[in-house]
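Hello,

Here is the structure I said I would pass on. My notes on it follow below; please read them with the model open.

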Amino acid sequence: MGQHKNKLKRIGFSSSFGILAATLGSAVGLGNIWKFPYLTGANGGAGFLLVYLLATLLVGLPVMIAEIALGRQAKANPISAFEALSPKRQPWWLIGAAGMLAAFLILSFYSEVVAWVFAYVVKAISGSILSSDRHVTEAAFNALISDPLQSLLWQWAVLLFIGGILLLGVTKGIEALTKKLMPLLFALLLLLCMVSLTLDKAAEGLAFLFNPDFSKITASVVLTAVGLAFFKLSVGMGTMMTYGSYFRDDQDISLTTLRVMGADLCVSMLAGIAIFPAVFTFGFAPGAGPALVFITIPAVFSQIPMGQLLMVLFFVLAAVAATGAMLSLMEVPVVIFHERFGLSRPRATLLTIVLLAGLGSSCALTNSTLEDFKLFGMTMFDLFDFVSSNILLPAGGIFIALFVGWVWGIDNFRKAVTNQGMLANETTARIVFFLLRYVTPVLVLVVMLKGLKLF
Ligand code: PHE
C-alpha cells in the first residue's frame, strides 16, 4: 500500500474563494433543508435549536478547524494522515477507518433523501403535489416512499449521476456551478420565508422555533443536537480532513471555517422560518419526521403566484446543494480506496458506487419491502442515521479533539492556524486549542454516555 506516493500528485483547490465554495458546498445540503427542520420539529423546537447552536460553537467549530488543520498538514486521506502525524504504533488511523464507515452509512440514507428530491423535481413539474391540503401532500409523499421500485430507481439514478460527475472528472465544473446557484437557493428561501411569515399562524410557528421550552430538552435530545452539529458541518468523519488536504498553505483556516459555519446556520434558519409557520397554519404535525419538508414546502408554494414554477426551481436547487454534500461524502472512501488500496480513481469511484447501491437499497426499501426489517427496533434508514450522527461522528469528534489536544500539540496547531506565524490568529489558536484539549472531548463524552443511556 503505497500510501504516500500520491502525495505530490495531489492537486489542491486553486483559489481562496474556490476553497470557501467547496467547503461550504460540503456543509450546506439536505442537512439544512431536510434534517434540521425535521429534527427541530421532532425534538420540541426552540430548546433543540439552542442546544444545536451551542454545540456548533463549542464542539463543531473547533473540530472543523482541527480537521482542516490536520488534513492540510498531512496532505493525505484521513487514514494515512493520522498515520503520518501520530507516533509509531498508536492506532489513531482507526479514526480514519471509522470515518469511512460513517461515510458509507450516511451516503446510504442520504442518497435516498436526494432521490426523493429528484423525484420531487419531476412531481413538481407535473403539478401533482402543489396543494395546501395536507392530505394531498402527505399522500403524494407516502405514495413515493412506499413504492419500492420508484425508491430504488431514483436512488440508483442519484448514484449514477454523482458517480458520473466523479468519473467524468467534472467535479470542478460542478463546484463552479454550485457556487453560482447557491445564492439563488438563498434568495428563494428568503422569498419562502416572507410568504410563510404572512400566513395565519406564523406567530405560532415562530414561537415554536424561537421560544424555548426547557422541559423538552432531555439527554437524548441533546445528543441528537450534538450529532446534528457534526453532521451539518461535515465533521467527525474525515470529510473536512480530506478537504483540508486540498487547502492552500496561505488559506486562513479559522476564518474560512467561521464563514462556512455562519452561512450554513443562515441557510438552516431560513429553512426553519419557511417551514414552521406553514406547519401550524396548515395543520401539519411538527414531529412528522423525515417527511416534514416534503409535505409542508408544497403548501407554502401553493400560496404564491407562479408557485409551481418556483417549486420546481426549489427542488432543483435543493438537488444542487445536496450534490455538493454528496460529492464531499464520496471523496472520503474514494480517496482511501485510491491512495491506500492502489485503485485508480475511476475504479475507486465505481467500487464506492457499487457498494452504495447495495447498502443503500436497504434504506431505499425502508418504507416498503423492508418495512418490518428492524435492528435494535429501528429500520435500516433510521439505524444508519442514528449510528452515524449519534455515535460515529461524535466519537470521531472526541478522538480528533484528543489527538490535536494531547498528541499533535499546541505548537503544531498554532503554526497551522497562524500559517507559520503569518496570520494574527494567536488568540484564536489558543482558545480553540483549549476547547479541543479539555472542553470538546469531555462535553461530547458526557452527552454521548447520557444520551445513549450508558451512564
Ligand atoms: N453537511 C452535509 C449536509 O448538511 C452532510 C454531510 C455530512 C456531508 C458529513 C459530508 C459529511 O447536508
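**Two loop residues with positive phi**

Met-306 sits in the loop between H13 and H14. This is a predicted model, so please read everything here as computed from its coordinates. The phi of Met-306 is near 60°, a positive value in a residue other than glycine. Most residues other than glycine have a negative phi. Met-306 is also exposed, with a relative accessible area of 60%.

A second case is Phe-376, in the loop between H15 and H16. Its phi is near 50°, again positive in a residue other than glycine. With 74% relative accessibility, Phe-376 counts as exposed, because the cut-off for that class is over 50%.

**Helix H13**

H13 covers residues 292-301, and 10 of its 10 residues are buried, so the helix is largely enclosed by the rest of the structure. The buried residues include Leu-292, Val-293, Phe-294 and Ile-295 at the start of the list, and Pro-298, Ala-299, Val-300 and Phe-301 at the end of it. Which helices cover them? Among them are H2 (30-42), H5, H6 (134-145), H8 (171-197), H12 (253-281) and H14.

**Helix H15**

H15 runs over residues 345-364, which makes 20 residues. From its first C-alpha to its last it reaches 27 Å, close to the 28 Å expected at 1.5 Å a residue. The helix has a kink of about 30°, centred on Gly-358.

The buried residues of H15 are Ala-348, Thr-349, Thr-352, Ile-353, Leu-356, Ala-357, Gly-360, Ser-361, Ser-362, Cys-363 and Ala-364. When you look at that list, keep in mind that an α-helix has 3.6 residues a turn, so residues three or four places apart point the same way. The cover over the buried residues of H15 includes H5 (93-126), H7 (148-167), H14 (307-341) and H16 (380-417).

**Ser-388 in helix H16**

Ser-388 is part of helix H16. Its relative accessibility is 0%, so Ser-388 counts as buried. Apart from neighbours within four places in sequence, Ser-388 is in contact with Ala-102, Leu-105, Ile-106, Phe-109, Leu-393 and Pro-394. For a sense of scale, Ser-388 and Gly-205 are 30 Å apart in space, C-alpha to C-alpha, and 183 residues apart in sequence.

**Salt bridges**

Side chains of opposite charge can pair when their charged atoms come close. How many salt bridges are there in the model? The count comes to 10, and three of the pairs are described here.

Arg-340 forms a salt bridge with Glu-83, and their closest N and O atoms are 2.8 Å apart. This pair links distant parts of the chain, since Arg-340 is in helix H14 and Glu-83 is in helix H4 (residues 78-85), 257 residues apart. Is Arg-340 buried or exposed? Its relative accessibility is 9%, so Arg-340 counts as buried. Glu-83 is partly exposed, with a relative accessible area of 30%.

Lys-216 pairs with Asp-213 in another salt bridge, where the closest N and O atoms are 3.6 Å apart. Both ends are partly exposed: Lys-216 has a relative accessible area of 41% and Asp-213 one of 32%.

Arg-414 forms a salt bridge with Glu-426, with the closest N and O atoms 3.6 Å apart. Arg-414 lies in H16 and Glu-426 in helix H17 (residues 426-451), so the pair ties together parts that are 12 residues apart in sequence. At 22% relative accessibility Arg-414 counts as partly exposed, and Glu-426 is partly exposed with a relative accessible area of 35%. Salt bridges that share partners join Asp-411, Arg-414 and Glu-426 into one network.

**A nonpolar patch on the surface**

Leu-50, Leu-54, Leu-57, Leu-58, Phe-214 and Leu-443 form a nonpolar patch on the surface. Together they have about 530 Å² of accessible area. Helix H3 (residues 46-74) gives the most to this patch, with four residues. Leu-54 lies in H3 and, at 49% relative accessibility, counts as partly exposed. Leu-54 does not reach the exposed class because that class needs over 50%.

Regards

Terms used. Residues are numbered from 1 along each chain as its sequence is written. This is a predicted model: local features need pLDDT of at least 70, side-chain atom pairs count only at pLDDT 80 or more; totals for chains, interfaces and linings use all residues. Side-chain values use heavy atoms; hydrogens and water are left out. The expected span of a helix is 1.5 Å times one less than its number of residues. The bend at a residue is the angle between axes fitted to the seven residues ending there and the seven starting there. Buried means under 20% relative accessible area, exposed over 50%, partly exposed in between (1.4 Å probe, protein chains only). Contact means heavy atoms within 4.5 Å. Patches are made of residues with over 30% relative accessible area and no salt bridge: like charges are joined within 9 Å, nonpolar side chains (Val, Leu, Ile, Met, Phe, Trp, Tyr) within 5 Å. Accessible areas come from the Shrake-Rupley method with a 1.4 Å probe; for residues, only the protein chains shown count as cover. A salt bridge is a side-chain nitrogen of Lys or Arg within 4 Å of a carboxyl oxygen of Asp or Glu.
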